[in-house]
Amino acid sequence: MQLTFSPALGEQTVLKAAPAASGRSTSQSILFKVSFESRGSLLEAQRDGIKVEVWSDVPAGGRLPGEWGAVQFGTMEPGPALRPQVAERSALHDAAEEDGLAEDRSLYAGLRVSLSDRVGARFSFTYRLVYPSGHVQWLGEFGRNGELVVEQGLPGVDLREGWNISGDGTYRTHAFPGDRVLGSLTDPQAWSCWLWKESSIPVFASTVSGSEALAMVLLPRPNLREVNVLRPLVFVASDSATLNVTEEGKIILRSSSPFARVSFGVLEHSRELLKGIAALCNGEVLALDDVSAVLSCRPADADLPIHLIVLPAADNVGKRPAIPVRPGSLPKEAAGWDGLALLPQGPGAPQFISGPVVEKEQVVALGPSGGEIVITPMYNINVDACEWQAALLSPHKDPSVKLVWPAAETLPTPPPSPPLSRASPPRAIVPASRDETSASSPTAIASTIPSQPPSVSRRRERISPPRRAPPSSALIPYNSPRTLRRYLHMVLNVVLWFWSVFVKALAARVVGESLTRRISGLIGLALLKTAPPPSPRTGYDRQVETREESLEKPMGTLDTSDATGVPGLPVEVTDEGSGVSVPSPQYAVPLGQEHRNVKSPPHVTLVATVPTRLSESPALILKGCNLSPKEVRATIGGQPLPPPTLTNLDDDLRLMFEGVEGGGALEVTINL
């Protein structure tokens, strides 16, 4: 069995200890590695129960300085099965590492120790094999132990002169106009980074070569197995200066001002530097502990959605747990949201968290490399027994969502038939002669009426009330203003009926809902102005009183009063001696009194303000029991937008409005 160790015995290895804030001691990891000649050799040693150990006087695991102890080598496998719930771009490195675990023929032993207060210290170590029988085989020789020397510095970075270390453990330096080399990365391929530029959302880069930004966070790749474990670093440049990393790993400060400066330090205790980074993207530091740092960023000229940048703060050697994002790591305004929409940066469907977020124990868990989460408020919409959820994905501010139940659409009663008129034309009135004058007396008129029993005459009076004759010449047709008004009202009823049933829906799509409502209001106002007052009707008791009064009059005396009580108007008499009863006209029922309800579907109106300089097309996402909205309309700045592009994502529906230029008030109406 042939073994290869790192660090090797008989050699001196330098450990870089990062400076810490005054009175604060931070731990960092030292990683030992043993490689077998083959995977089969490793499996055979494990079957035989042979253990490989590192024996050292490093004060780790509760040991005092100078006390020796053993740490067993083991496999470097992922920790508990906490898989990321949101896809992350940096998780690709984790996947590549896990694919190589099956072919790995190495074992690792990690020690975590505080070195910032032990600069200049020296520690010794050696290796040994322990068999099941208890036999111990030492692999070193006398005087050939390995040696660890602690120096101040940052693992993986070689700095040039001119740096000052402040009391909080931050490195600071000044620069003159032009380019200045600050230092170099010992292995540029060992790092990935996040880049911040002015007033923009940070971007992730899988390599630091060729990167240029106002600030950057360097993250060590999790598949590295170095003795001096790399730690996340923060670099921040002042105004009028930028940072650049070349392909060779040189860190260059480019400045146009003699007062430019740059600061950097270990992420774990660089809260002030992180505040400066968050200010570049209108955000803040939401959380910083020994596990992770969470920064918020907002798009330019917008409040939502909020981008959360989750950065690992520890080196994650040994166990590689997922990074939890808890409610305390979210912006304060998220506590008042109905729910939360988590949008992945990469493949995968968004996640919806219903209910108050503050009641959740954990919002999401990311992989050990951190990542980016985009959060936006989710609006719950309940329609009958169906629950909808909507969220606006594009940059916006001042959002509001309301569910509108339109007033029940009515089908007005079709207009009635015109009033019946069965009266015969009135007779012409001609000058009467003397003989005729005498015959025109009430007694003479009564004598011309065929005699009938009183009961028959009374019954006909009861069912045929007096009728008013037109006050014009019998040769000229009479059209009273009230009759014309009734006909005009009937025509308007027909117009309203056709408008409500056939034209209104089409007009709403063409000219918009506001103009459509205005037209409906004008038609309704015209109906109100032309509606005639209802005709007074005589009740049964009044009919009885009228008949009793007529019985008290002498036989043959006629009451020439009309229905309104105006005396003196002649009444046409038929051969039977009674007026013909004209039925009262039946008017159309006013809108809103008697109608047939038609159940109208509700619609959701989402209103928000989008920035003038759009970085992406307006988009929103829907989730519900029915992912087929009947209609989607949108306007921006009062101008209608083309129909959206619909994309189904599992049980979600994404709506994207392409070809939008300029910003303003965005209004999206969705008919469910």
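Is E212 buried, partly exposed or exposed? Hold that thought for a moment, everyone. Before I answer, please remember that what we have on screen is a predicted model.

Now, E212 has a relative accessibility of 33%, so E212 counts as partly exposed. Its partner is R254: the two side chains meet in a salt bridge, with 3.7 Å from N to O. If salt bridges are new to you, the general idea is that side chains of opposite charge can pair when their charged atoms come close. Where do these two residues sit? R254 lies in strand 20, residues 250–255, while E212 lies in strand 16, residues 211–213, so the pair ties together parts that are 42 residues apart in sequence. R254 is partly exposed too, at 32% relative accessibility.

Let's turn to another pair, E268 and R231. Their side chains meet in a salt bridge at 2.8 Å, N to O. Here both partners sit in loops: E268 in the one between strand 21 (261–266) and helix 3 (271–279), and R231 in the one between strand 17 (215–220) and strand 18 (233–237), so this pair ties together parts that are 37 residues apart in sequence. Are these two buried or exposed? Both E268 and R231 are buried. Going back to our opening pair for a second, E212 and R254 are joined with D179 into one network by salt bridges that share partners.

A third example is R118 with D117, whose side chains form a salt bridge at 3.9 Å, N to O. R118 is partly exposed at 25% relative accessibility, and D117 is exposed, with a relative accessible area of 52%. How many salt bridges does a search of the whole structure find? The search finds 11.

On to the sheets. Have a look at the open sheet of seven strands, which runs in the order 11-12-21-18-17-14-15 with antiparallel pairing. Strand 11 (164–165) and strand 15 (203–205) stand at the edges with a single partner strand each, so one side of each has no neighbour in the sheet. The partner of strand 15 is strand 14, residues 191–196, and the two pair in the antiparallel sense over three bridges. If you want to find that pairing on screen, look for C193, which stands opposite A205 in strand 15.

Further along the chain, strand 40 (residues 652–656) pairs with strand 36 (residues 619–623) in the antiparallel sense over five bridges. Strand 39, residues 645–649, also pairs with strand 40, antiparallel and over five bridges. Two residues of strand 40 make handy landmarks: L655 has L620 opposite, and R654 has T647 opposite.

Finally, the helices. Helix 8 covers residues 513–530, so to speak, 18 residues reaching 26 Å from the first C-alpha to the last, close to the 26 Å expected at 1.5 Å a residue. Which residues of helix 8 are buried? They are T516, I523, L527 and T530. These four cover an arc of only 80° around the axis, which puts them on the same side of helix 8. On the other side, R517, R518, L522, L528 and K529 are exposed.

My last stop is helix 7, residues 481–511, where V503 is found. V503 is partly exposed, with a relative accessible area of 38%. Together with V494, F498, V501 and F502, V503 makes a nonpolar surface patch of about 400 Å². Thanks for listening, everyone!

Terms used: Residues numbered from 1 in each chain as written. Predicted model: local features only at pLDDT ≥ 70, side-chain atom pairs only at ≥ 80, totals over all residues. Heavy atoms only, no water. Patch = residues over 30% accessible without salt bridge, like charges linked within 9 Å, V, L, I, M, F, W, Y side chains within 5 Å. Areas by Shrake-Rupley, 256 points an atom, 1.4 Å probe, with all protein chains shown as cover. Salt bridge = Lys/Arg side-chain N within 4 Å of Asp/Glu carboxyl O. Buried < 20%, exposed > 50% of the residue type's maximum accessible area, 1.4 Å probe, protein only. Pairing = 2+ DSSP bridges. Expected span 1.5 Å × (residues − 1). Arc of directions from axis to C-beta.
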